[in-house]
Each structure stands twice: as C-alpha cells, then as structure tokens.
Amino acid sequence: MLQCESEPMTEYLLRRLLLIIPTFLGITMLVFIVTRFVPGGPIEKLILSKQMGSMDGKSSGMSSTSGRASQGTLSEEQLEQLNAYYGFDKPVITAYFIWLGKVLQFDLGNSTRYGEPVWDSIKSRLPISAFYGFSTMLITYLICIPLGVLKAVRHKTWFDNISSIFVFIGYAIPGYVVGILLMVVFASKLEWLPMGKFISDGFEDLTTPQKILDVIRHAVLPLTAYVVGSFALMTFMMKNNLLDQLSSDYVRTAIAKGCSYRRAVVMHAFRNSLIPLATNFGNNIAFLLSGSFLIEKIFNIDGMGLLGYESIVERDYPIVMGVLVISALLQLTGNILSDICVAIVDPRIQFR
Amino acid sequence: MFSLDPITKKKFARFRSIRRGWWSLICFTLLLILSFGAELLISNRALFVKYEGKFYFPTYGSIYPGKTFGLDYDYETNYRDLKKVFLDQSSNNFVLLPIVPWSAYESDLKDGQYPPFAPSIDQRHFLGTDTTGRDILARLVYGFRTAISFSMLLLIATYSIGVSVGCAMGYFGGKFDIILQRIIEIWSNVPFLYVIMIVSSIIVPRFGILVAIMVFFDWIGMTWYMRTSTYKEKAREYTSAAKALGASHFRIIFNHILPNVLSVLVTFIPFSVTGGIVSLTSLDYLGFGLPPPTPSWGELLAQGTANLQALWIVTSVTVAMIVVLTMVTFIGEAIREAFDPKQYSTFES
C-alpha cells in the first residue's frame, strides 16, 4: 500500500473513501441476514412473555378463564401485524434495502425493547464511551512516550529489564481481568473507590467541583483497566522505533559532528520515532468510541460497548444494527485517517 | 530424528540465554504435563486401593462399584468414605487418595452449611470451593487443560487456513487477491463476538462447535502477514530460478517459499496461545462459551465477581490467569528476540 510513487494524495483518498461503500454494505448485510435467521427474535420473545403472563394468570386465580385463551397466544392477525411492524413479512434482501434506505436518511429505527429511537440511545451513550476513550488515549500516550524513550535510552540496563517485566505482565492480562482485580481490591475490599457506574446517584445535586471529583472517582478504576490493556504495545513500539533511529546513520553523523547525545536523541531521533505511533492513532478511533464492553460490563458503565452487548443478549436488533453501523463507519474511516496521519508526519510516504 | 541447521541452533542458544523466557518455558511445560496427568493429583478416584490382598488402580479405566470393596452400593465407590471405613476397620486394607481428593464436577455437600467454603487444608480444599461446593483447585487445573487444548486446536486450525489462503493470495495475486482482500476486509470488520454470542445463544456450543466458530473468524489475522511475505519471496531471484528450471507451482510454494516464510510464524505462536485462552475465558465469563458444568476459568471469574464476599474464588482464578498468561508472553517475547536478527548498536553517552 505504501509506495514511493508520486500520485496525488487526494485521488488515493477518494478511492479509499469509495471502497468504504462496498465494505460497509457487506458488513451490514451479513449481520442483518444473521439476525433475521436467528430464532428468539423480538416476536418470539413477545409470544413467550405472553405465554408466561397467561401461566401466571392461571396460577394466581381461576376467576375469569374465558378471556385467557386469546390473551395467552397471539392471534394470526396480531402476528401478521407484528411481522409487518418489524419488517419480517418481506424477504430478507428487500427488508435489508428498506432498512438501508432508512439509515441513509439517518433513521436507525426504534428499539424493540424500549420503543425509543435507536439514535437517541446511541447519542446518550456515545459521550460516555468517548470520555473513556479519549482519556485512555491521552494517558496512554503520556505514559508510553516517556517510558518508551527512557527504555530505549537505557536499553539493556536494570531499568529496562524491570520495566519490561511489568509491561509484559500488563500486556499478558486482558484489560477486563485487570478491571476485576482492581474492583475486588480497591472498591470491594478497601472501599476507597466506587464499584462502578459513570456517576453517583445524587449527581444532579452536587456542586461543580464535586461533580468533577465524582466523575474522576468513578473513572479511576476503569481507566486504569483500559490503560493497562493498551499501553504495552505502544511502549514497545516507541522503544523499538527509537532504538531503530538511534542506530541509524544520521544520528551517528549528528554525534560525530559534536552534537551531544541528549540533543541527538531529543532533536533528531525522537521526532522520527513518533511516525509509527501516528499510524496507530487512526485505528484507535473506533476503539475510542465503542469502548470495551467487557470493562463497561464489569464497571456497569452505560457506554456504547454495554449497549451493543445488552442489545444482543436481549435480541434488540435495531440497536444491534445501529451500533454496528456506527462502529463499522468509525473503523473504516479510522483506517483512512491513520493513512492521512502517516502522510502528514512523514512527507516521504506517498500513497498509490 | 532431524538435524538442526546452524541458524536454528544459534536461535535456540539465544533463546536459552534469555533466562526469563527459558524458565517460563520450563515452568509452562511442567504445568502442561501436570495438567494432562491431573487425574493423578486431583481426582475423586483413589490412586491405589489394597483390598483383601488384591490391588486396584481406579484412576483410569472403568469405575469400580462400591460392592467391589464390600460397601453396600452399586454406583461408583466414594473413595474418601472408603478410606474412613478402612481406617475404622483397622485392617490391612488401604486406600491412597490423590493430594486433592475431589473431582472438578463434584459438589462437597455439608449438612447445615452452604457453599462457597473458604480454603481449608483439613478438607483438602486448598483454594476453597465455588458457590456449588466444587473444589476450585480442581476446576482451575481442569479448566486450564480445557483452555490450553482449545487454544492449541484453534491455533492449528487458524494457522493452516490462514497460511494457505494468505500464501495463495500472495502467490497468485491478480483478481483472486483483490476479491479475497475485500472479503477479508468485510470479514474482519464483522464484530465476530456478536456473531459468536448470537450463535452460541441458539445452540449449546460443545467444544468442537466453539472451536469451529472461532476458527471461522480467527483465520484472518494470519492471512495479511502471509500474503505480504509470500509476495516478497515470490519476487526474489531464487523463486524465479526455480520457475526457470521448470518447477511446478506446488513445488515452488512448498519447497521454496513456505520454508522461508514459516520460520517467522514461530514467533506468533505464543501470542496466539494467549489469545485463544483469553477468548475462551471471555466467552465463558459472559456465559456464551462451553456449557456448564465444564470446568472453565471464565465461569469461575463470573462466579467470583458475582460473589465478592468469597474472595478466594476471584483471587485464585485471576492469579492463575496472570501467572499462565505472563509465562506464555515471556516465552513469546524471548522467541521473538531470539528470532530477531536486529542487534542494536547504541552509543555510550
């Protein structure tokens, strides 16, 4: 993909943007079809809950048995209405294109659970995930870049070795297990920090500084879990890049010309070693906004990840599809964004 | 058996010189051996019974009904009780129990008390029991065995598919490559966890089915690497030379390109192993993995987080996960370093 051939960047980007369309269609169609052929959809759920309801009715009292039969099971007519309501009466492909047409008008449909527009639920969750995403990224960069530099400069010293052990342990454990561990120790055992949720129950009544403190207190544990899960890769990327640069000729030249080692690192090698980190930036976008549903589940944070997860468990397909649309678009644009980032930081790279 | 060329020997020597990785490999191999012979350490069947002058080895093979040992029932002998009976009789009869005399499936029911029970050396529940009274150590060890088998199977399947498809893409190129690239891009953007969750909530995913579903989505990771490296190797002179000599595609791929590409694949293996373990654990944690009562780490993790007052559950499983995953990662790190020909020359400041 990366080639040193001169061709306008815009043309390349345009082509990449156009390629989003077939990929996006493919992804959504695939999941749409899966959701259609999976049993246990909203109608079956409804029928089941009706049957359960009638069972309860029978056990609770024998008074009016006449109306029970019609209440217990849905009539053909009602079923047809429901099928039409959810769009199950049409063939899959037709239903898909009807859905797609609505999506193009920014209408993601209504949640089958709550009946409210899907877009509203996503809109209320997105900022929460974005808050965690951006904070995670910020903290990760703030830790990784200095740590990576330090590790590279002190390559093969005790500092490098000891920190490597910790970085690798952090890399080995999945973020949500870190989350569980943190919750057990700091929230359950020591009770220093809250167990979960994004804000406390009485959040509205707090003053502004208290509100900020409240958000921070809730954010400490999940953020740590997020950061531990993601900082290892970045640290090693930084370290290895810098080592690459430090052993390259231009740094040797700089030192030979009488430039101090410190200056050679900071002014010459450091800037070049940041390039590969930029490629990573765009890929993070999707992750930033969609969040890790495992961490969100553990800390009971109402973010995008948890929304997607719950909607699958509850078979709330409009939300499943809505979350998918958002995350697929983010992912696909993120890929292009990282290409742009690379082109900006390194003018030598041109795209074909 | 097979002779090692000097480069491989050198790589191996370099691997051994990285002590962290080398010791992790030794410990991990030991753990593997122990877990696959776990019946000898953790089982409700006795290792060895001496009854009326005859010897029995119940660990493997068919069960011995209680009547064999003069008890009054036809189902499998409870060897812990048998031991007490023999002790009371103070005869020559003898039972040798494993260190942990509990199986991973068996609930330790006590009158008037409700599980989970805290760790106790007397009861031989070294890490306590879970919420249904099953021994945690037993479930951890057998769960490890499940996880590692799962991970290995997944690894073999994904690598074979990924390597073949990626290699074909890189070697044949053209339309085949372009079409597969699009398909793979779609594939990799489908949130596979969604599909796994949906599928496993319809059918109860037995071990094989779960591996199959995971393979279905996991093979992609390998293809990109294989595609680019095959592409590079194909452009090298030795491939052209082979082609000029009239070698078939089959011969070029298997005798020339693959041996050159595959060596680097070794460095990916440990990370795929941890990936497999983590995937299975996460799925089990969410309740979409293997059906109960299969011993699994994810299920213990879920129990532990739901029962924070029984701290021993969550502590034992997280510690086990950290230890195993860190060990495998250390091995991976050491392999990667051993395979990396790059030796940095840095300046003295």
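What follows is a chat between a visitor and a guide about reading features of a predicted model.

Visitor: Let's begin with overall shape. How many helices and strands does chain B have?

Guide: Chain B has 13 helices and three strands. Its radius of gyration is 26 Å, well over the 20 Å that the globule rule gives for 349 residues, so chain B is more spread out than a compact globule. Along the principal axes, the C-alpha atoms of chain B fill a box of roughly 85 × 55 × 45 Å.

Visitor: And what share of the residues of chain B count as buried?

Guide: That comes to 49% of the 349 residues.

Visitor: Let's zoom in on a helix. What span should helix α7 of chain B have, and how far apart are its end C-alpha atoms?

Guide: Start with the general idea: an α-helix has 3.6 residues a turn, so residues three or four places apart point the same way. Now the case here. Helix α7 of chain B covers residues 207-218, and at 1.5 Å a residue its 12 residues should span 16 Å. The end C-alpha atoms are 16 Å apart, which agrees.

Visitor: Which residues of α7(B) are buried?

Guide: Leu210(B), Val211(B), Ile213(B), Met214(B), Val215(B) and Phe217(B) are buried in that helix.

Visitor: What about nonpolar side chains on the surface? Which residues form a nonpolar patch there?

Guide: On chain B, look for Leu34(B), Leu40(B), Leu41(B), Tyr60(B) and Ile99(B). Together they offer about 450 Å² of accessible area. Take Tyr60(B) as a sample member: it sits in the loop between β2 (54-56) and α3 (79-89) of chain B. With a relative accessible area of 48%, Tyr60(B) is partly exposed.

Visitor: Does that loop hold anything else worth a look?

Guide: Try Ser62(B), also placed in the loop between β2 and α3 of chain B. At 60% relative accessibility, Ser62(B) counts as exposed, because the cut-off for exposed is over 50%. You can use Ser62(B) to gauge distances too: Val199(B) is 137 residues from it in sequence and 36 Å away in space, C-alpha to C-alpha.

Visitor: Can I have a case like that in chain A? How far apart are Leu13(A) and Ser188(A) in sequence and in space?

Guide: They are 175 residues apart in sequence and 50 Å apart in space, again C-alpha to C-alpha. Leu13(A) belongs to helix α1 (residues 9-37) of chain A, and with 16% relative accessibility Leu13(A) counts as buried.

Visitor: On to charges. How many salt bridges does the structure hold?

Guide: The general idea is that side chains of opposite charge can pair when their charged atoms come close. Over all chains, the structure holds 12 salt bridges. One of them joins Arg125(A) and Asp302(A), with the closest N and O atoms 3.6 Å apart. This pair links distant parts of the chain: Arg125(A) is in helix α6 (residues 118-153) of chain A, while Asp302(A) is in the loop between α13 and α14, 177 residues apart.

Visitor: Are those two partners buried or exposed?

Guide: Arg125(A) counts as buried at 12% relative accessibility, whereas Asp302(A), at 38%, is partly exposed. Compare the pair of Asp160(A) and Lys151(A), whose side chains meet at 3.0 Å, N to O. Asp160(A) is buried at 3% relative accessibility, and Lys151(A) is buried at 0%.

Visitor: And which salt bridges should I look at in chain B?

Guide: Arg236(B) and Glu233(B) form one, at 3.5 Å from N to O. Arg236(B) is partly exposed at 43% relative accessibility, while Glu233(B) is buried at 13%. There is also a network: salt bridges that share partners join Asp130(B), Arg134(B), Arg139(B) and Glu299(B).

Visitor: Now the backbone. What is the phi of Asn300(A) near?

Guide: Most residues other than glycine have a negative phi, and most peptide bonds are trans. Asn300(A) has a phi near 55 degrees, a positive value in a residue other than glycine. You'll find Asn300(A) in the loop between α13 (293-298) and α14 (304-313) of chain A, partly exposed at 38% relative accessibility.

Visitor: Last one: how many disulfides does the structure hold?

Guide: A disulfide is a covalent bond between the sulfur atoms of two cysteines. The structure holds zero of them over all chains. As for individual cysteines, Cys144(A) is buried, with a relative accessible area of 0%, and Cys27(B) is partly exposed at 35%.

Note on methods
Residues numbered from 1 in each chain as written. Chains lettered and ligands numbered in written order. Predicted model: local features only at pLDDT ≥ 70, side-chain atom pairs only at ≥ 80, totals over all residues. Heavy atoms only, no water. Helix = DSSP H or I, 4+ residues; strand = E, 2+ residues; numbered from the N terminus. Buried < 20%, exposed > 50% of the residue type's maximum accessible area, 1.4 Å probe, protein only. Disulfide = S-S within 2.5 Å. Expected span 1.5 Å × (residues − 1). Patch = residues over 30% accessible without salt bridge, like charges linked within 9 Å, V, L, I, M, F, W, Y side chains within 5 Å. Areas by Shrake-Rupley, 256 points an atom, 1.4 Å probe, with all protein chains shown as cover. Salt bridge = Lys/Arg side-chain N within 4 Å of Asp/Glu carboxyl O. Rg over C-alpha atoms; globule rule 2.2 N^0.38 Å.
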